[in-house]
Amino acid sequence: MIAILARMLSPADFGLLGIALLTLTAFKRFSNIGFDQALIQKASGNVDGYLNTYWSIEILRGLLLAGILVGVAPFVAGFFGEPRATPILRAIALTPLLLGLRNPGIVYFRKNLEFHKQFVYTMSGSLTNFVVALAVALATQSVWALVLGYVASDAARLLASYAVHGYRPWPELNLDIARDLFGFGKWITGSESVYFVINQGDDAVIGWLLSATSLGLYQVAYQFAKAPATEISQIISSVAFPAYSQLQDDIPALRSAFYRTLQVTMVIAFPASVGIGVVAPTFVEAVLGPGWGPAVPVMQIVAVYGLLIALGSAYSPVWKALGRPDYMAKLGVFRLVLTAAIIIPVTREFGIVGTAAAVLGVYVFPVMPIDVYLVIKSVETSLGRLLREIAYPAVASLLMGGVVLWLQATLTLEWAILELVVLVAAGVAVYGAAVGLFETQLNWELRETLRNFAGAI
């Protein structure tokens with residue numbers, strides 16, 4: 001959808017929506033009480049007794065957020081120097097209420113590993129977003145294509161939640177239940193709040209210091225560069241948390257499941273990140289078109305960051321399943337302090353490229369080594385074993401990247417889109433050959449892991 005709309009809309013249009021979503025996400029994250037994840041973590045299979053209270057609190061939260069967003073819209077627009085953002089913010093304010101009204105029974109999709117239902121629920125919103133945004137873009141070629149698509153997607157998910165799950169909630173507020181859920185959920189609230197500032201703080205700095213156009217360039221580059229690695233890893237992570245929760249009292253079984261999950265995550269995330277980093281210049285020219293050139297170096301930096309985040313996404317489900325979500329919150333605060341100290345001066349000096357480099361640099365050191373230490377301690381394993389799981393896809397991906405770089409320097413095709421197709425095809429072939437060689441000659445055991453995943457699916 002973004003690739004198509006980037007040809008029809010301007011970077012400034014994406015930046016205006018970015019300002020609205022940045023504000024919306026801030027209020028949602030800082031008020032996220034984490035009850036859904038508390039219900040998933042509970043060992044008991046049936047949590048019906050909690051759902052009415054959960055639903056009632058979510059509705060109250062949605063009403064409160066909608067009212068606040070409508071009221072603060074002109075002030076937020078003034079802060080970013082973009083008065084055009086005011087009506088967009090007020091339209092987006094409807095979405096917290098739509099989400100609050102969802103059927104609370106959808107928590108069972110992940111708790112019971114019913115991901116066919118989760119797929120229908122999620123895709124109903126994604127497809128609606130695409131159809132509505134494209135239709136409005138064809139009619140108006142304005143930022144309202146992005147806005148109305150986003151609102152329509154949450155409306156579609158609201159309807160789908162009742163169509164796919166049979167639970168029917170009723171208003172009820174049980175304070176004992178709320179207190180019980182809050183004991184776990186408070187750490188989710190803390191970590192969500194901190195990681196929002198980490199993950200979206202760079203957007204806020206760019207929107208404030210630079211312009212909506214710069215923000216649009218940065219966000220689109222960020223989405224494309226990070227998505228190939230992190231979309232798959234987040235899906236695997238969302239499955240891993242409820243699965244690990246069922247193994248929380250059996251560390252050897254949890255450790256085995258962790259390594260299988262890590263293996264699948266890295267075999268996808270590594271080549272995706274290396275690939276997008278290498279082909280970024282051709283990709284921007286072929287897919288996004290004129291006006292998006294400044295996004296190239298950002299994409300290349302964020303591709304590396306996306307790989308590291310994909311690796312880190314294998315850790316957090318372990319901590320949550322073991323009842324230690326506080327690790328995420330505490331690490332997040334540490335990372336936030338370090339990022340806040342450097343991001344503004346670096347952005348002033350180097351623009352959006354400096355912003356991306358600051359975000360990557362802080363995670364590489366010192367946060368990532370602490371992540372690794374904690375996960376090794378949690379599953380009672382060793383650094384050597386962890387590095388062995390990463391080594392195979394790393395070598396195969398770097399070999400692929402070298403071949404694609406050489407091809408990119410030597411090809412002289414007339415059409416950029418044809419060059420992109422050739423580069424991607426060559427990368428897939430080289431990576432596939434390397435993986436096959438490692439599997440047959442070095443006993444990687446990837447096929448066994450994939451068979452287990454296929455059987456589970």
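**Note on helices H2 and H4 and the second largest pocket**

1. Gly81 follows helix H4 and has a positive phi, near 65°. The model is a predicted one.

2. H4 itself covers residues 48-79. Its 32 residues should span 46 Å at 1.5 Å a residue, and the C-alpha atoms at its ends lie 44 Å apart, so the two values agree.

3. H4 also bends. The kink is about 50° and sits at Val72. The proline Pro74 comes shortly after that residue.

4. Helix H2, residues 11-30, passes the same kind of length check. With 20 residues at 1.5 Å each step, the expected span is 28 Å; the end C-alpha atoms are 28 Å apart, which agrees.

5. Is H2 mostly covered or mostly open? Mostly covered: 15 of its 20 residues are buried, with buried taken as under 20% relative accessible area.

6. The second largest pocket has a volume of about 320 Å³. Its lining counts 14 residues, and Gln263, Arg385, Glu389, Trp444 and Glu445 are the closest to the pocket centre.

7. Which elements give two or more residues to this lining? They are helix H12 (251-288), helix H16 (383-410) and helix H18 (446-456). H12 provides the largest share, five residues.

8. The lining of the second largest pocket breaks down by class into seven charged, four polar and three nonpolar residues. Arg385, Glu389 and Glu445, listed among the residues closest to the centre, belong to the charged class.

Conventions
Residues numbered from 1 in each chain as written. Predicted model: local features only at pLDDT ≥ 70, side-chain atom pairs only at ≥ 80, totals over all residues. Heavy atoms only, no water. 1 Å grid on protein atoms, 1.4 Å probe; cavity = no way out; pocket = protein on both sides within 12 Å on 5 of 7 lines; lining within 4 Å. Points joined across faces, edges and corners; volume = space filled by probe spheres on them. Helix = DSSP H or I, 4+ residues; strand = E, 2+ residues; numbered from the N terminus. Expected span 1.5 Å × (residues − 1). Buried < 20%, exposed > 50% of the residue type's maximum accessible area, 1.4 Å probe, protein only. Bend = angle between axes of the 7 residues up to and from the residue.
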